[in-house]
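User: I am new to this structure and would like to go through it step by step. Could you take my questions one at a time and explain how you reach each answer?

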Amino acid sequence: MSFSERVGGEARAFLASLRGGVMLLKLAPIVPALAVLPEFAQHVVEIRLGMFASHDAFAAFGSAPARMSLGSIKVAGLMLSILLAARFWANRAEGARLWSLAGIGWKQVLLGFLVQVLCSIPGFFDLRLPPAGELALSAFLFLVSLPGLVLMIGGLLGDRTSGLRDAYRNGWGQALRMAIFTGPVFAVLQQVHHWNHVIALGKPLAVVWGLMIWDALLVGLIATQVGTGLYYGYRAGRIPRA
């Protein structure tokens, strides 16, 4: 396969991933709902607190207990929605029931998740490193964690044969592809997510409600796009058994 053919194939897969993320809103609305509902619940609390009255109000109520209590639920809902979106496409490709968990490689998922956890541990300690040292350590740990992410997503999508050694030997291309398929769209949608909050500040209540409803739906789209991107990014190549 020539370089241009390979680039064309990757571009078509990327566009298919974008289309799939939108299609999933209709095909399985419960998947984005897991991200949308906690997000909207937090917006309800924010509006009732008066957070959008001004920049000062937004800063003052940002750490309100009622708002923060929903933060972990919101993050958990988003992560679950992303993972279920990826699994949805795997089941669809295999002709399995759309909500089946039977094909998951749990050993790979847990081992890959363990790598993510271990790589995050240094961040909980004050290592008293200079800024350059902290940046270098963060970059190193991020790179080290990538094959673990590939292994985890592979297990989620049904790869029960690959191991950690396979991921570190041969998973770098898949890690790069998954980053390309998810990173740009996440960055763009996340920026729109941020703008929604900025635009809402000081606006009439009806406008704020409208923007926050749209914003909650946008978070659902972020989940379906990232989950679909992980699926397409992984499926374009598999980790060969060492």
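**Questions and answers on the model**

User: Is Glu46 buried or exposed?
Analyst: This is a predicted model, and the answer holds for the model as it stands. A residue counts as buried when its relative accessible area is under 20%. Because Glu46 has a relative accessibility of 0%, its class is buried.

User: Which side chain meets Glu46 in a salt bridge?
Analyst: Side chains of opposite charge can pair when their charged atoms come close. For Glu46 the N to O distance in the salt bridge is 2.7 Å, and the partner is Arg67.

User: How many residues apart are Arg67 and Glu46, the pair that links distant parts of the chain?
Analyst: Arg67 belongs to helix 4 and is buried, with a relative accessible area of 16%. Glu46 belongs to helix 2, and the separation of the pair along the chain is 21 residues.

User: How many salt bridges are there by this rule?
Analyst: The rule asks for a side-chain nitrogen of Lys or Arg within 4 Å of a carboxyl oxygen of Asp or Glu. One pair that meets it is Glu39 with Lys74, whose closest N and O atoms are 3.7 Å apart. By this rule the count is three.

User: Which helices hold Glu39 and Lys74?
Analyst: The salt bridge between Glu39 and Lys74 has its closest N and O atoms 3.7 Å apart. The two residues are 35 residues apart in sequence, so the pair ties together separate parts, with Glu39 in helix 2 (residues 30–49) and Lys74 in helix 5 (residues 71–94).

User: Which residue forms a salt bridge with Glu10, and how many residues apart are the two?
Analyst: The closest N and O atoms of the salt bridge are 3.2 Å apart, and the partner of Glu10 is Arg177. Glu10 sits in helix 1 (residues 3–27) and Arg177 in helix 9 (residues 172–200), so that the pair links distant parts of the chain at a separation of 167 residues.

User: Is Arg177 buried or exposed?
Analyst: Its partner Glu10 is partly exposed, with a relative accessible area of 24%. The limit for buried is under 20%. Because Arg177 has a relative accessibility of 11%, it counts as buried.

User: Which residues does Phe61 touch, not counting those up to four places away in sequence?
Analyst: Phe61 is in the loop between helix 3 (55–60) and helix 4 (65–68), and its relative accessibility of 31% makes it partly exposed. Phe61 and Met51 are ten residues apart in sequence, with their C-alpha atoms 6.0 Å apart in space. With residues up to four places away not counted, Phe61 touches Leu49, Gly50, Met51 and Arg67.

User: With which residues is Asn91 in contact, leaving aside neighbours within four places in sequence?
Analyst: Asn91 is found in helix 5, and a relative accessible area of 0% makes it buried. The C-alpha atoms of Asn91 and Val22, 69 residues apart along the chain, are separated by 18 Å. Leaving aside neighbours within four places in sequence, Asn91 is in contact with Ala96, Arg97, Leu98, Trp99 and Ser100.

User: How far apart in space are Gly171 and Leu78, C-alpha to C-alpha?
Analyst: Gly171 is in the loop between helix 8 (164–170) and helix 9, where its relative accessibility of 0% makes it buried. Gly171 and Leu78 are 93 residues apart in sequence, and the C-alpha to C-alpha distance is 25 Å.

User: What accessible area does the nonpolar surface patch that includes Leu127 have together?
Analyst: Leu127 has its place in the loop between helix 6 (106–120) and helix 7 (131–156), and at 43% relative accessibility it counts as partly exposed. The patch also includes, among others, Leu111, Phe113 and Phe125, and its members together have an accessible area of about 930 Å².

User: How many helices and strands does the chain have, and what share of its residues counts as buried?
Analyst: The secondary structure comes to ten helices and zero strands. Contacts with a separation of 6 or more are accounted for to 80% by residues 24 or more positions apart. Of the 242 residues of the chain, the share that counts as buried is 42%.

Notes. Residues are numbered from 1 along each chain as its sequence is written. This is a predicted model: local features need pLDDT of at least 70, side-chain atom pairs count only at pLDDT 80 or more; totals for chains, interfaces and linings use all residues. Side-chain values use heavy atoms; hydrogens and water are left out. Helices (H or I, at least four residues) and strands (E, at least two) are DSSP runs, numbered from the N terminus. Buried means under 20% relative accessible area, exposed over 50%, partly exposed in between (1.4 Å probe, protein chains only). Contact means heavy atoms within 4.5 Å. Patches are made of residues with over 30% relative accessible area and no salt bridge: like charges are joined within 9 Å, nonpolar side chains (Val, Leu, Ile, Met, Phe, Trp, Tyr) within 5 Å. Accessible areas come from the Shrake-Rupley method with a 1.4 Å probe; for residues, only the protein chains shown count as cover.
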